[in-house]
Amino acid sequence: MRSLRRGVALARDVSPEVQAVATDYRGLAATGFVARGIVVLLAALLGFAYAVRATAPDFRARNRVEAVVLGVLMAASTIAILTTVGIVWSMLSETFNFFSVYPASDFFFGLTWSPNFRGGSDLGFLPLLWGTLYISLIAMIVAVPVGLFAAIYLAEYASPKTRAWVKPLIEVIAGIPTVVFGLFALVTVGPLLRDYFAQPLGLGNSGSSVMNAGIVIGILNIPFISSLADDIINAVPQAMRDGSYGLGATKSETVKQVILPAALPGIVGAVLLAASRAIGETMIVTMGAGAAAKLDLNPFEAMTTMTVKIVGQLTGDTDFAAPETLVAFALGMTLFVITLGLNVLALYVVRRYREQYE
Amino acid sequence: MTDVSAQGPLPLSLLTKDARMNRRNSAETRFRFYGLAAIGLSLATLVFMLWTIFSDGVSAFFQAKITMPISLSAELLDPQGNRNRAEMTKVTTVGYNKLLAQAFAAELAARGIDTAGLKASEITALISKDAAGDLRASVLANPTMVGTTIDVELLAAGRVDGYFKGRVTRETAERDNQISPAQLDLVDRMDEAGLLQSGWNWSFLTNPDASDQRPEAAGLGVAILGSLYLMILVALMCVPVGVAASIYLEEFAPKNRWTDLIEVNISNLAAVPSIVYGILGLAIFINFMGFPQSSSLVGALVISLMTLPTIIIASRAAIRAVPPSIRDAALGVGASKMQTVFHHVLPLAAPGILTGTILGLATALGETAPLLLIGMVAFVDNYPSAPPDGFLDPATALPVQVYGWAQRADPAFIERSSGAIIVLLAFLVVMNVAAILLRRRFERRW
């Protein structure tokens, strides 16, 4: 059809109906072309007439043009709102479709995940939630102490020169695409953990594991926590440090008993933001955590997360009427709500408990 | 600290350390050490990661090749004898394969390389399955070559390449049905005779992707082009909208609930997981609006929406940094608010906006997850056509190619995947360095 209407010679015989439709189409297209020309000319003439009529000594052209420009600027700023509306609308409508073919209670409280494209799937969400939270927990156990200590050292101990070198270097980690971390997890960290920890300890022999994904996500989150915490620690006024030193406290005592309590709300906020990033991380878990949905405590076992399953259910051939595909939208909606909730909570904690220094 | 007196008598001298002081001092040293260890650990991990990627990936830029003369026999390639291109296309790669096999056997015999104990098919298996197609394409491009003898450089098979790079050894060859230790012996003899050598591999940067069976022919050409298309489209869509939005929010927006809502929205959008944007793209741009799947256009739309908050935040900071005195001066000589912004504020903020934009694009270049959902992970081995039509062609992108290759079974693709990361990181370094240089060059303190 498309090639016919472009007038391309076709090798195979074309049935008369298709031929007729194609000829028809080309006729319509030609008419459309002429009509378009007429409409454009008319519009130009009308515009010209309007301009001539409006041009008068007391016509404030600048104001009119600027009102239009302002309108364009306003429209641009509403794109952010439209994006949010688009996200919520696209996921909400498909999520409703999903819940009309699959009971919501089975989704939210089901303990097994075994999609089957021939029907009769169990689409329980709890194993995925467990995998997500377990991996995020390990990521936080790695990232929070390391990021926090790095921030404390940079803010309180390091000389300006060291700081000027080390801070950008740590932030390089945040600039590396996550798919690189994914390959690192798949090729290096996974086999390392399997050969030196999981197999000697008798905890399984899977290269992809919760530990693998958790550690690598933790590494990814170190610069995030350290640069946020660094800013927060620097915002604590110098007078508080001086007061503490004046009473005879050492630097570490000052950090532990004066600075950290003062910076705590900000640090809690940073940790919550990092947790939200860990939960939404996709590439590292897709390549490093495995695909089997399990409720297990063994950190060297392969488990899976919501994001992995979103990718799994939506790539390849998909049928948008099957619950096995639609479940991805429900998962996406849940993920969106969880991460948004964490962000709002983080902002609330920071605002509510922030100490006011003058 | 606060209740020293309650814990016994004060030290007799400030110059001698007592046990408590020692304890506090060692706690201090320990604490300091934890900080150093944390920094050391993060930097060591970074170095370790980059080192593993580089050591795995550098070899992708080198490739074992066989150089030999081939006489392009006319009766095989052009049975009609009239050098008509249309008729010559009827000779498929099977015909060219036969030709290659004959020429290879002849060359081995001419150089006196012993092939005893190997079947003919085992000998030709050393040449890449891609070689025949390559030769056919170059003959069809230039039919006058038929009948002459040309020197060609043929890709060696993936396993032979792996043997040169130490990935394939005699032990693995025992268990491998694609190569045997006897074939590797032949490879050794060919290497001694100078028939086989490892050289710089431009085709890794220019070739399209290849099937699972021929890792040696897989290249990044389509992915680099796809990423380029993506970046062009993202820049075209993001920069005008982002700058317009930040001008409005910084210079014109009244302080009311609506603008508050926009601000909260922008900061929240910056924290939405990237995969959610992929779902948005799939549902709205592909299912609802019917844009072609896995095209650069849809990828760019999704990535633009993701990058927009970053660009808005950076542009607003740049606009805010322009001092009010500039605005006052312009307004004072009779410029309207809009003229003030477009004639004075915006040009002064431009370097900052540009820096922020480049950094935003660098992040966008590495995005993978949303592209997977809109189908850009599909196997694409055709170059997209030139823009603007090419924006609708199926394409892939560098980070997606990294993921795609990492999913393949043959370990040779891990090397390719790491090589692709090196290319990706090189682009990121260039973009970041450009941003830093711009900032240095145009940075102004008011």
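How many bridges pair β1(B) and β3(B), and in which sense? Keep that in mind as you open the viewer; the tour comes to it after a look at the whole. One thing to know before you start: this is a predicted model.

**Stop 1: chain A as a whole**

Select chain A and show it as a cartoon. Its secondary structure comes to 14 helices and two strands. With a radius of gyration of 30 Å, well over the 21 Å that the globule rule gives for 358 residues, chain A is more spread out than a compact globule. If you align the view to the principal axes, the C-alpha trace of chain A spans about 90 × 70 × 40 Å.

Now colour chain A by domain. Domain 1 takes residues 2-59 and domain 2 takes 113-353. The C-alpha centres of domain 1 of chain A and domain 2 of chain A are 55 Å apart.

**Stop 2: a helix pair inside chain A**

Stay in chain A and select residues 251-280, helix α11, together with residues 323-353, helix α14. Two packed helices are described by the angle between their axes and the distance between the axes. For α11(A) and α14(A), the angle is about 170° and the axes are 8 Å apart. That makes α11(A) roughly antiparallel to α14(A).

Show side chains where the two helices meet. On α11(A), the residues to pick include P265(A), G266(A), G269(A), L272(A) and I279(A). Across from them on α14(A), look for residues including L335(A), I338(A), L342(A), A346(A) and Y353(A). Colour this contact by class and you will find 14 nonpolar and six polar residues, with no charged ones.

**Stop 3: where chain A meets chain B**

Bring chain B back into view and select the residues in contact between the chains: 69 residues of chain A touch 67 residues of chain B. On the chain A side, the largest share comes from helix α4 (residues 79-101), which gives ten residues. By class, that side of chain A has 44 nonpolar, 20 polar and five charged residues.

Next, zoom in on α4(A) and add helix α13 of chain B, residues 274-288. This pair packs at an angle of about 70°, with the axes 9 Å apart. That makes α4(A) roughly perpendicular to α13(B), whereas α11(A) at the previous stop is roughly antiparallel to α14(A).

For a close-up, show G86(A), I87(A), S90(A), M91(A) and E94(A) on α4(A). They meet V276(B), I279(B), L280(B), A283(B) and I284(B) on α13(B). By class, this contact has seven nonpolar, two polar and one charged residues.

**Stop 4: chain B and its domains**

Hide chain A for now. The secondary structure of chain B comes to 19 helices and three strands. Its radius of gyration is 31 Å, where a compact globule of 446 residues would have one near 22 Å. Along the principal axes, the C-alpha atoms of chain B fill a box of roughly 95 × 75 × 40 Å.

Colour chain B in three parts: domain 1 (5-57), domain 2 (60-217) and domain 3 (221-442). The centres of domain 2 of chain B and domain 3 of chain B, taken over C-alpha atoms, are separated by 43 Å. Their contact takes 14 residues from domain 2 of chain B and 19 residues from domain 3 of chain B. On the domain 2 side, select α7 (158-164) and α10 (203-206) of chain B, the elements that give two or more residues to this contact. α10(B) gives the most to that side, with three residues. By class, the domain 2 side has seven nonpolar, four polar and three charged residues.

**Stop 5: the sheet in chain B**

Finally, select the three strands of chain B. They form an open sheet in the order β2-β1-β3, with antiparallel pairing. β2 (149-155) and β3 (196-200) of chain B stand at the edges with a single partner strand each, so one side of each is left without a neighbour in the sheet. Neighbouring strands here are turned by 40° against each other on average, direction ignored.

Put β1(B), residues 62-71, at the centre of your view. Seven bridges join β1(B) to β2(B). Along this pairing, I70(B) stands opposite I150(B), and T67(B) stands opposite E153(B).

Turn to β3(B) for the opening question: β1(B) and β3(B) pair in the antiparallel sense over five bridges. To see one facing pair, select K65(B), which stands opposite Q197(B) in β3(B).

Terms used. Residues are numbered from 1 along each chain as its sequence is written. Chains are lettered from A and ligands numbered from 1 in the order in which they are written. This is a predicted model: local features need pLDDT of at least 70, side-chain atom pairs count only at pLDDT 80 or more; totals for chains, interfaces and linings use all residues. Two strands pair if DSSP finds at least two bridges between them. Helices (H or I, at least four residues) and strands (E, at least two) are DSSP runs, numbered from the N terminus. Axes are lines fitted to C-alpha atoms, for helices over the stretch in contact, and angles run from 0 to 180 degrees between N-to-C directions. Two residues are in contact if their C-beta atoms, placed from the backbone, lie within 7 Å. Ala, Val, Leu, Ile, Met, Phe, Trp, Tyr, Cys and Pro count as nonpolar, Asp, Glu, Lys and Arg as charged, and the others, Gly among them, as polar. Angles under 35 degrees count as roughly parallel, over 145 as roughly antiparallel, 65 to 115 as roughly perpendicular and the rest as oblique. Domain bounds come from an automatic or database domain assignment. The radius of gyration is taken over C-alpha atoms; the globule rule is 2.2 Å times the number of residues to the power 0.38.
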